[in-house]
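Subject: Structure handover

Hello,

The structure is below, with notes on the salt bridges, one strand pair and one serine after it. Please read the notes alongside the coordinates.

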Amino acid sequence: MEPVPEHELNRRSWNAVTPAHNSHKRDQAAWLRAGGSTLYPEESALLGDIAGQRLAHLQCNCGQDSLSLARLGAQVTGVDISDAAIDTARQLSAGSGIPATFERADLFRWFQTAEAASFDVAFSSYGFIGWLSDLRPWAAGLRRVLRPGGRFVCVEFHPAAFIWDDQWRHVWPYSSHGAVVESGGVSDYVGMSGPALAPSGFEPGVTGFVNPHPTREYAWGIGDILGALLSAGLRIERFDEHAHSNGWKGWEPMRALPGEGDGRTRWTVPEGRPEIPLMFGLVARAP
């Protein structure tokens, strides 16, 4: 697959924002070294026991989840398009003493060059789907790298959540059917979400961040996602919807839910609003 110009724009935007995101997170390597984990119960339940399995963490960002998965005994390869994110992931692996491999690559090209049928699990989570420019080759790529019986596991923010602007007004399409949805650039959503996205400890860090690089994103509905996976021959084994958002406070009026004993914040719709799905999780298996 030829390089996608929109992907290069997105790479620049992620490179710009990554230092701002990390500026809010206190000594992540020490926190991971001491046993910290960024995983939520939703993805842990879907993944199950992954000890000894080869796991590809796709669109891994700075690798905090990758290293949390590696601590569970998986042999983890993290892949991300951002140079800055992969540099951070490698530093966190070295600093925490948790081994994992990290590769800087456009995911679509990585699917073509990775060894076929080499992974037991492919995993993605929390904000990955909107960066995929075409779901059919993405799903075919998953099928290609998974071993027979291997699983694709994901937890993602629900497409129904992304039709709203930051004041809970319906302004965006549920699905753009592959058309680009322009954005002003990746925001400092870590700083805006506060301690909820900084489990190692929150720091004020960078303030007033403005990303100089706009992004090109895509709106995909649930039908688009499931249809692509099914077209690649993957079998949907589980699909869940959740009326809360883990960590990310996407809209100012959202309200926090009581904790579940892990110290992590979950957000739901504003007071008095009807419930809508804000996340989904699924498991799809290769034949």
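In these notes, buried means under 20% relative accessible area, exposed means over 50%, and partly exposed is in between (1.4 Å probe, protein chains only). This is a predicted model, so local features need pLDDT of at least 70 and side-chain atom pairs count only at pLDDT 80 or more, while totals for chains, interfaces and linings use all residues. Residues are numbered from 1 along each chain as its sequence is written, and side-chain values use heavy atoms, with hydrogens and water left out.

Salt bridges

The structure holds ten salt bridges, each being a side-chain nitrogen of Lys or Arg within 4 Å of a carboxyl oxygen of Asp or Glu. E8, R11, R12, D83 and R104 are linked in a network of them.

Within that network, E8 pairs with R11, with 2.5 Å between the closest N and O atoms. Both sit in helix α1 (residues 5-23), three residues apart, which separates them by about one helical turn. Helices (H or I, at least four residues) and strands (E, at least two) are DSSP runs, numbered from the N terminus. E8 is partly exposed at 29% relative accessibility, whereas R11 is buried at 18%.

D83 also bridges to R104, the closest N and O atoms being 3.9 Å apart. D83 lies in helix α5 and R104 in strand β3, so this pair ties together parts that are 21 residues apart in sequence. D83 has a relative accessible area of 28% and R104 has 37% relative accessibility, which counts as partly exposed.

Outside these pairs, D120 and R147 meet in a salt bridge at 3.1 Å, N to O. D120 belongs to strand β4 (residues 119-125) and R147 to strand β5 (residues 146-157), so the two tie together parts 27 residues apart in sequence.

Strands β2 and β3

Strand β2 (residues 75-80) runs parallel to strand β3 (residues 101-104), and four bridges join them; strands pair if DSSP finds at least two bridges between them. R104 appears here too, as the bridge partner of D80.

S200

Where is S200 found? S200 is in the loop between α8 (189-193) and β7 (215-218), and is buried, with a relative accessible area of 14%. Leaving aside neighbours within four places in sequence, S200 is in contact (heavy atoms within 4.5 Å) with K25, R26, D27, Q28 and W31.

Regards
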